[in-house]
Structure formats: C-alpha cells, structure tokens
Amino acid sequence: MSRVHIIGGGLAGLSAAVELAAQAQVAIYEAGPACGGRARSFYDRSLDAIIDNGNHLLLSANAFTFRYLDIIGARDTITGPDAPIFPFFDLTEHRGWTLRLSRGKIPFWVLPGGRRVPGMKLKELGALLKLVRAKAETTVASCLGEGALSRKLLVPFAISALNTDLETGSARLLGNIVQKSLARGGNACLPRFPKIGLSESLVDPAIEYLKRYHAQIHCGTRVTSLNQSHGRITSFETSTGTVTVEEGDHVILAVTAPVAKNLLPSLTVPDAFESIANAHFRLPENVTARGVVNQARFIGLVGGVSEWLFLKGNVLSVTVSAANRYAKRDSSEMLATIWSEVRRALDPVLPTPLPVAMPPARLLREKRATFAATPEQDKKRPLAKEGKSITGLNNLVLAGDWTQTELPSTIEGAIQSGLAAVSVAGFRSPVT
C-alpha cells in the first residue's frame, strides 16, 4: 500500500488524511501540540471554559464540509436553527431585525412583508448581480451601492466572508460564495456551528477515525526542510529527526502559505494577510435569549466593532473580521467596547440585563488568520498540482485554503483543498 506523508495537521491536512485513510498508509506531521490549525478549541484557564480560537459559521451549502463530517461520524456535533434565519442588531439605529430567507430559489424574501432587510429597495439587488458577474480585478466596494441592503447586510457579510476590507476585497471571490449559497435559496443557507467547539466537531472525531485506520499522527513535529533528488522528495528534516520518503510515496504539503514558501522558495504564494480578533466573555450562568435569537443562538452586529456574537452556554463569543484596522487598539479598551456592544444588542432579548461591569474576558488576535482576499493576492494562489510543476518534484502536491479553491479562506475551502491534493496525488477523491 502506498504511503502518504502529510505535512500540516490543519483542516486541509486532516481532510486529505481522512480521504486517504482507506486508500493508503497515512502519516501526519503537525508542528503544534495538537491538530486543527486555526480551527480548533481549547480549555482556557483564565476563563475556566472551552473556547474556540476563532468562531466559524457554516452554511448547509458547504457540501465538502458536511461530507467530511459524515465520514468521521460527526454531523450530529453540529447544530443550528431549522430555518434560514439571520438575526441582526443595528448598533447605529439601536434596532433589531431578522433576515428570513425563502427556502427555495425564488427569492420571496426580497418582497415587502417583514422578511427582508429593513429599508431596502428592490433596485439595490443589482449589487448581487454585479458580484456574481465580477471580473478578476473587481473589488467589492465597486459593486455595492448606497442603501440599506448594502449597509445592513452586504457589508457585514462581505467583511466576514472575505476577512478583508471592501475597498480592496475581491468581488469575484465574494460572488463565488453568493453563487454557492444565497443564489441556491434558503435551504442552502441554513446556519450551522459546533455544539461544543471546533475541535470536538472537526478535529477530535477525525483523529479517532484516522487511528482506526492506523494512521500515524506526529504532533509537536515541525518540518524544517525538504530533501530532494532526481525530481522527487527523498526525505525531510523534522524537529525530531529525518523522515525517509520511499519510492512510490507521496508528500502533501498542507502548511500555511509562509511556511510553504520557506520550504519551497520557488513557490509563489499569497504574501499579504489579515487578522481576526475574537473576544470571549464568561458569565456565571448560561445566557438564554428570547425569540429568534434563542432560536438562532447567534446575532449579527452592524455599525460597531463587533460583527458576529455567538451564545455558547455561559460564554459569549464575538468575532471581529478584517482586524488589521484595530491592530493598534489596546486589548482592554477593545474588550470594553465590544462588551458595551454586546449589552446593547442582547439586553432587549434577555430576561435579565447583562451586568454593566465586564465579566472575565479574553481577547485572541490571530495576526495571520487568512490571506488578504484581494484580486492581487488571489492571483498568487497556486493549484495543488503546482507543487509538482513549479518545483519539478513529482511526488509533491499542495493543500491549504490559500491554494486556488475559488473561495476565500474558509473551512469549506480548506477541506476542498485537501480533497484536490488527494486527487492530484492519484488517489480517489470527489474533487478532480
């Protein structure tokens, strides 16, 4: 049986490993203490709670992600409302509202009657058409017009989806998301998220699945260099010793873009990045909201620093995308601002108002969370097979959400990239 060495234990590497487990001998080499990369959860002692290093909202349209969950037996660890509902709170107008998408492809939700964005006009829907028709060089800002639809929905959606500011963000990448979700109707837009944490849904079940196939998982093992001869990788150096790559073995490089560039200097990769900030607040008791917020267990925030607020038992988690703009802001001041916004948004739907004094809190800043999803950076994304063609190494392929998936940095893109790498390596995969 062939052997495949997977360098990197994030979701791209795990996706490839899970797909290969029944087809080859798999070995994963992960530099960190645990697999999962930027999509994992951990126990935080300061909060005495399990938190995610970043919040992620999945959609029912994420076909490769749910296929992955089905293979590892973890679909039941994902939850979400039974309807395509998205509650929002406008911090500028101090007003809550809910987007209720039509389940089918016919967008009845845009008609008057309480389902659509408050104050929007039908002519504003032209922005969506511009996005799905966008050229490679088009930015999001050039597609969005004035009006309620853009300010209250498309702007927060674009920033969170791309993790990039609108002036430079790629309209083509955002348009691809629109085509794969909103354009398919509300049944493709059911919001989903882990019941407990990212590791409990996406990582731990995958590790257990791989162990059943006797995969080797080496955490705390950093790959420092690749040795090559006669057009193939013959071995690679790690922090724990040399690993020999036998004839017929394959190597999937599923590390971050900067690490890939360091290991393969001839490779062109994205080299501009955006950060994400996540604030976590622990309350003495579980927070239970009323109405649609209780049904959804999250709320989108418009007009402030905060963007998405998730209710996770006694922990309130807030995501701030495209956070380079807040890099110089003091963490304590930023937490205080976010807590004020959380109180304003949630108090109207809580039986008892949140305390004025900020509870125990933690702000996590992921400085290189994603590549900057701009037209310029999108052009620098290599295909999985370019691990072979650019380097001339016939047993090397690439994986990672920074490779060319036609999506920005997302969980779906990372998992898709792992499947593409499996296919390029010559194994069975749903991605060709």
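This briefing describes a sheet, its central packing, one helix and two loop residues. The model is predicted. Its open sheet has 7 strands with mixed pairing, and the largest nonpolar core holds 96 residues.

**The sheet**

- The strands of the open sheet follow the order E8-E7-E16-E17-E18-E15-E19.
- Strand E8 (95-100) and strand E19 (361-371) are the edge strands, and each of them pairs on one side only.
- From one strand to the next, the twist averages 25°.
- Strand E7 (residues 85-90) runs antiparallel to E8, and 6 bridges join the two. Within this pair, Phe88 has Trp97 in E8 as its bridge partner.
- Helix H4 (residues 148-162) lies across E7, E8, E19, strand E16 (298-302) and strand E17 (308-312). The helix runs at about 105° to E7.

**Strand E18 and its neighbours**

- Strand E18 covers residues 315-320, and 6 of its 6 residues are buried, so the strand is largely enclosed by the rest of the structure.
- In a regular strand, side chains alternate between the two faces of the sheet. In E18, Val315, Ser317 and Thr319 lie on one side, while Leu316, Val318 and Val320 lie on the other. Both faces are covered, as these residues are all buried.
- On one pairing, strand E15 (residues 273-282) is joined to E18 by 6 bridges, and the two run antiparallel. Ala279 stands opposite Val318 of E18.
- On another pairing, E17 is joined to E18 by 5 bridges, again with the strands antiparallel. Here Leu311 has Leu316 in E18 as its bridge partner.
- E17 and E18 also form a hairpin, with 2 residues between the strands. Gly313, in the turn, has a positive phi of about 65°.

**The nonpolar cores**

- In the largest nonpolar core, the residues that touch the most other members are Leu253, Leu309, Leu316, Ile338, Val342 and Leu346.
- H4 supplies the largest share of this core, with 8 residues.
- Leu316 touches residues that include Ala279, Phe281, Leu309, Leu311, Trp339, Val342, Leu346 and Leu354, leaving aside residues up to four places away in sequence.
- A second core, separate from this one, has 41 residues, among them Leu14, Val18, Ile207 and Leu210.

**Helix H9**

- Helix H9 (residues 331-346) is 16 residues long. From its first C-alpha to its last it reaches 22 Å, close to the 22 Å expected at 1.5 Å a residue.
- The buried residues of H9 are Met334, Leu335, Ile338, Trp339, Glu341, Val342, Ala345 and Leu346. They cover an arc of only 165° around the axis, which puts them on the same side of H9.
- An α-helix has 3.6 residues a turn, so residues three or four places apart point the same way.
- Ile338, Val342 and Leu346 of the core list above are among the buried residues of H9.

**Two loop residues with positive phi**

- His230 is not a glycine, yet it has a positive phi of about 55°. The residue is found in the loop between strand E11 (223-229) and strand E12 (232-238). Its relative accessibility is 80%, so His230 counts as exposed.
- Glu406 is not a glycine either, and its phi is positive at about 70°. The residue lies in the loop between strand E20 (396-398) and helix H12 (411-424). With a relative accessible area of 35%, Glu406 is partly exposed.

Methods
Residues are numbered from 1 along each chain as its sequence is written. Side-chain values use heavy atoms; hydrogens and water are left out. Two strands pair if DSSP finds at least two bridges between them. Helices (H or I, at least four residues) and strands (E, at least two) are DSSP runs, numbered from the N terminus. Axes are lines fitted to C-alpha atoms, for helices over the stretch in contact, and angles run from 0 to 180 degrees between N-to-C directions. Contact means heavy atoms within 4.5 Å. Buried means under 20% relative accessible area, exposed over 50%, partly exposed in between (1.4 Å probe, protein chains only). A nonpolar core is a set of buried Ala, Val, Leu, Ile, Met, Phe, Trp, Tyr and Cys residues joined through side-chain atoms within 4.5 Å. The expected span of a helix is 1.5 Å times one less than its number of residues. The arc is that of the directions from the helix axis to the C-beta atoms.
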